[in-house]
Amino acid sequence: MVAKKGNKGGMGGEDAEEELTRVPLQAILLADSFATLFRPITLERPKVLLPLVNAPMIDYTLAWLESAGVDEVFVFCCAHSKQVIDYLENSKWFGQPNFSVTTIESYNSTSAGDALRLIYEKHVIRGDFILVTGDTVSNMPLTQALKEHKERRRKDSNAVMTMVIKQSKSSPITHQSRLGTEELFMAIDPETKQLLYYEDKAAALKGTISLDKALLMDNSSISLHNDKQDCYIDICSPEVLSLFTDNFDYQHLRRHFVKGLLVDDIMGYKIFTHEIHSSYAARIDNYRSYDTISKDIIQRWTYPLVPDVQFFGNSVTKLERQGMYRASDVELSRSAKIGPFTVIGSGTKIGNYTEVSNSVIGEGCVIGSDVSIDGCYIWDKVTIEDGCKLKHAIVCDGVIMKSGAVLEAGVVLSFKVIIGSRFVVPAYSKVSLLQQPVKQDSDEELEYADNSSGNIEIATLSNAAEKLEEELRTELSDSQIQSVSEVGNGGAGFIWSVSEGGHDEEWRHSVAPIPMDRLVEIIKNATDELDISNEDGNILPPSGELEPDSVNDSDEDVRDDSVQFEKEVEATFLRAVNENVKEDHVILEVNSLRLSYNLAATDCAGALFYAMMKLALDAPHGSPGELVKNVAAVITKWNKLLKYYLPSIDEEIEVILKFEEMCLESTKEYSTLFVQILHLLYDKDILEEDAILNWASEKEEADESDKLLLKQAEKFIQWLNEASEEEE
Amino acid sequence: MDFQVVVLAGGFSKTLVPLVSKDVPKALLPVANRPVLSYVLELLEQNDLKNAIVVVEGESAALLISSWISSTFVDRLNVEVTAVPEDVGTAGALRAIDHRLTARDILVVSGDLVTEILPGAVAAAHRRHDAVVTAMFCSVPVSGPSDSGSSGAKDKAKKTGRYNIVGLDPTKQFLLHIAAGAEVEKDIRVQKSILRAVGQMEIRADLMDAHMYAFKRSVLQDVLNQKETFQSLRRDVLPYLVRTQLRSELLLNGVQSDENGNGKDALQNSKILLSQLLKNASTPSFHEIYALGPAGSAPILRRTHKCCVYIANKSKYCARLNSLQAFSDINRDVVGDANHLSGYTFSAQNNIIHPSAILGSKTTVGPQCMLGEGSEMGDKCSVKKSVIGRHCRIGSNVKIVNSVVMNHVTIGDGCSIQGSIICSNVQLQERAVLKDCQVGAGFVITSGSEYKGESLAKKEKQ
């Protein structure tokens, strides 16, 4: 098999590596996408088991891994783990001679990061491994990519990952690829193929990409790509797992891990890309990619993973003219018209004058007469009565559509839904027997909300779902059916309302093609957007008229940072005051702030001092005298904290400068009290006399306007001078 | 060819003090003993671009330059010298001669360019794509300003600072993004819209803007008139055109439809465009595809224009005389590695000694040197990698290394000159030692004095 070829090639080349190549090639298959895009279907069945052209998705992935020479696959199951494990145990995947499948079950993983951390703890991965999700359809050979990866590793142990990418230009209008994924911007070194920049979530309104200038210092040339698609097939080194463990906040493979590595220049880990040209690789991420990939399979781009070739899990169908696949025992009426690019599963009956085109129909379906089906995915054991019309819809197992029902474009009917007679299901609606979960306001939800992985929710929900389902089953058998009338007379199911603001996006991920009016609208918006981004010329330096602006701008960036930092320190400090947080904790928090803003220790001293003075100022005070008392109180109380940040004279000078700045700019109340407070600080041992004298001598050379406070402090400084002389 | 050439010769550049003086504007600084401007003019002559306007900043400089041109290029080129006020910038200079521009396309060349890249190639690239602007870029010169002496490779930030950051399409024909390295603060910001249209962009930091541009005249004039604040071609006009290429504000299509006879509505126009594309059967550039809008939708005519690049072959020499360092480098290169540019025939020793020059006994002139007409050298002198001008009087035991000595310079016995530039009429008294200095015209260096890394010049009398 391919695996052996690959190994042999490796061994022949280098004896030293013999040890390494003997390690069987391992793969981690995440049988959970940690996303909610396939709801409501995924409430009842895990995504990897959803049929894709009449075979579960996971079979495509496993079949590809096997043919590509992988020896060991670890299937990580989380949501509906029982179903996945049951399926695999009953499938032919267990007990293959050269291909072992092991399941790893988890109940509380909420992200790919959690999954990889768990796998790390199990110590099952021994060498480079392939990381894929269970919804990948591919026929790419791994040999070449693996070889490149290993070669890079030998030269540079920091090359931890190779990402597979493929040419696919996303539409400039909708900003999404044909797979329905967000447009992706990447910067790649054209020579080494190192990934330098990755942006998949359109950092929306910004019409520009910002590349760090430093990138150009190391590479004189960079390729920016908008025409590539991420296949979500990664060849990883074992370090990847430990990196996830080290960075416990990494959740999402791309958004956190890849970006984290690209941003982090301390460890110097590198990610490389491998572009495939002739083979197929894609991931089913949403309904649109489900549609696209199904069509690709029917049109045989994924050969040998096509309906008429037997791989595990699918039943053979026969390819007829015009890309029509038909199982042997289909009962087809003579008057039925079956259009091109259609798959019909075994045991399905199709009635008179029914028209089917560009659709996939599963096994054991009963389709009546005068039905029109276009661009639909109808799974197993579906009953469609006479006169129904379906267009660009997904219909899950066991659905019953009563006569004359109509599905408009983009509808998804989940398991066992019953659509009442002559009921028209509006476009893009999702119908399920389960009620739509009420938004939970738990912290976790919020935290992962933007990762679109409300997994905790899934876990709890699916339990609830199972209960509900049972209830429903019992209820449905009774006369209850009538009461559920949301989907027409005699129907069963709830129409899920689309979350607010989401409706606009619904078309993006739907199986239905993007409607024309939508396109026109977007084009208009796009042109407007263009104009806006151009009017806002700041983001497009350097242009002559804007040059002064843009210079200021970047100055402000830096300033903004430190202002932001000051604010955060102030907030931290105030919280410490109000909640009696211990000094050690404040120090810890301020330090972490400092690191995240990349500022110096002196900035901390300044910011803290600023916060304290602000606190004193905000405390009620009638006269300047009281204000000084306030200051004294605050300073005394937090003496230790402030002292911690004043290890040397530099920081003390910074504090004086900060104070001066406050007096002159933000808080003028202090300007008359400058000397008094300076003296106070001296008395409290916050400032040493050297610092004050240094500051004074530094200021000597400043402009007259700057010397205002220095003059105020003249006497005090003189006194300090004399005192130090006396000491001598 | 319907090309009009504009040579921007500058004036008395401040960055080149003390080399320039009120007698020697920048364009007349000698490179291998002839004015730098002659390199550009000869290049134009070779390309049969015989009509040129030389734009000079300042009346007095214009006078000097025009008298030199008329004496040298009489009967060879049809050159007009025009003076514009000082500090108007390159765009301002073009604005000032706006009424003189009549040809369909304008080729703008910087007068301080020393290169062998043919302007005809740039013009051809421009015409091929019917571009509004074509800019020439060359690889960073190998022996150019990058690796000489002081800066070295240690300061990487400076390295990128000096060159342009250029975005190209995969075919390397279109300019998608441009920013001067020095003006980019931290991040390189690339418009997503253009990246979407093209799909792939290559960002290069190893290219240098050679300051040779071809413009469509109507567009250039429009931009100059509409954007009155634009001062510089490189910093304002070019980036503006690049930035707006998919959202053209220019009346381009208007112009085109005028050319096609009469104004047509957008739909017809796009049909024409489409049919033209089909007729040519060539792969349309992304501009045309973008202009047509997405397939299947109602055609929305988007106005685009094309910005092209001509990227010179790596082996071609290309440098601009815009700094003191560049002056030394170019002089060294033109008598050294790039000596085919100088127009002289080199001797077997790989140097040029004018027949009228007189050398004392035991005086050696090494390879990659030049000794001008009528110069005299005393005994036991040594000249290495240097250019010496006309009618210089050089004493005995003088060492000149890596330097440029202009005309009528007197050098006393025992002087040592290293890495320096000595302007005309300078007098070096005995045993003066100069290292990495620039000495302005007419300056007198007293005997025995030593200077290192200084710029010496007479106080200008106003």
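Let's start with a strand pair in chain A. Strand β9, residues 185–188, and β10(A) are joined by 4 bridges and run antiparallel. This is a predicted model, so please keep that in mind throughout.

Where do the two strands meet? Take one bridge: Ile188(A) has Leu195(A) in β10(A) as its partner. Between β9(A) and β10(A) sit 6 residues, and the whole unit is a hairpin. Look at the turn. Lys193(A) has a positive phi there, about 65°. Now, is β10(A) mostly covered or open? Mostly covered. The strand spans residues 195–199, and 5 of its 5 residues are buried.

Step back to the whole of chain A. How many helices and strands does chain A have? There are 24 helices and 36 strands. The chain has 728 residues, and 53% of them are buried. Its exposed surface comes to about 32,600 Å², with carbon and sulfur atoms supplying 50% of that. What about contacts along the chain? Take those with a separation of 6 or more: 60% of them link residues 24 or more positions apart.

Next, the inside. The largest nonpolar core holds 63 residues. Which of them touch the most other members? Leu52(A), Ile58(A), Val75(A) and Ile130(A). Helix α3 of chain A, residues 57–67, gives the largest share, 7 residues. Why does this core lie between two domains? Because domain 1 (2–298) and domain 2 (317–509) of chain A both give residues to it.

Zoom in on Ile58(A). Leave out residues up to four places away in sequence. Ile58(A) then touches Leu29(A), Ala31(A), Val48(A), Leu49(A) and Val75(A). It also touches Val84(A), Tyr87(A), Leu88(A) and Gly134(A).

Apart from the largest core lies another one, of 61 residues. Its members include Val569(A), Ile635(A), Phe659(A) and Met662(A).

On to the sheets. Chain A has an open sheet of 6 strands with parallel pairing. The order is β19-β22-β25-β28-β31-β34. Which strands are at the edges? β19 (337–338) and β34 (424–425) of chain A, each pairing on one side only. Follow β19(A) inward. It runs parallel to strand β22(A), residues 355–357, and 2 bridges join them. Here Lys337(A) stands opposite Glu355(A) in β22(A).

Now chain B. It too has an open sheet of 6 strands, paired in parallel, in the order β17-β20-β23-β26-β29-β32. The edges are β17 (364–365) and β32 (450–452) of chain B. Each has a single partner strand, so one side of each is left without a neighbour in the sheet. For β17(B), strand β20(B), residues 382–384, pairs with it in the parallel sense over 2 bridges. Find Thr364(B) on your screen: Ser382(B) in β20(B) stands opposite.

Last topic, cysteines. How many disulfides does the structure hold? 0, over all chains. Take Cys381(B) as a case. The closest cysteine sulfur belongs to Cys415(B), and it is 9.7 Å away, too far for a bond. A disulfide would need the two sulfur atoms within 2.5 Å. Is Cys381(B) buried or exposed? Buried, with a relative accessible area of 1%. Cys437(B) also counts as buried, at 0% relative accessibility.

Terms used: Residues numbered from 1 in each chain as written. Chains lettered and ligands numbered in written order. Predicted model: local features only at pLDDT ≥ 70, side-chain atom pairs only at ≥ 80, totals over all residues. Heavy atoms only, no water. Core = buried A, V, L, I, M, F, W, Y, C linked by side-chain atoms within 4.5 Å. Buried < 20%, exposed > 50% of the residue type's maximum accessible area, 1.4 Å probe, protein only. Domains from an automatic or database assignment. Contact = heavy atoms within 4.5 Å. Pairing = 2+ DSSP bridges. Areas by Shrake-Rupley, 256 points an atom, 1.4 Å probe, with all protein chains shown as cover.
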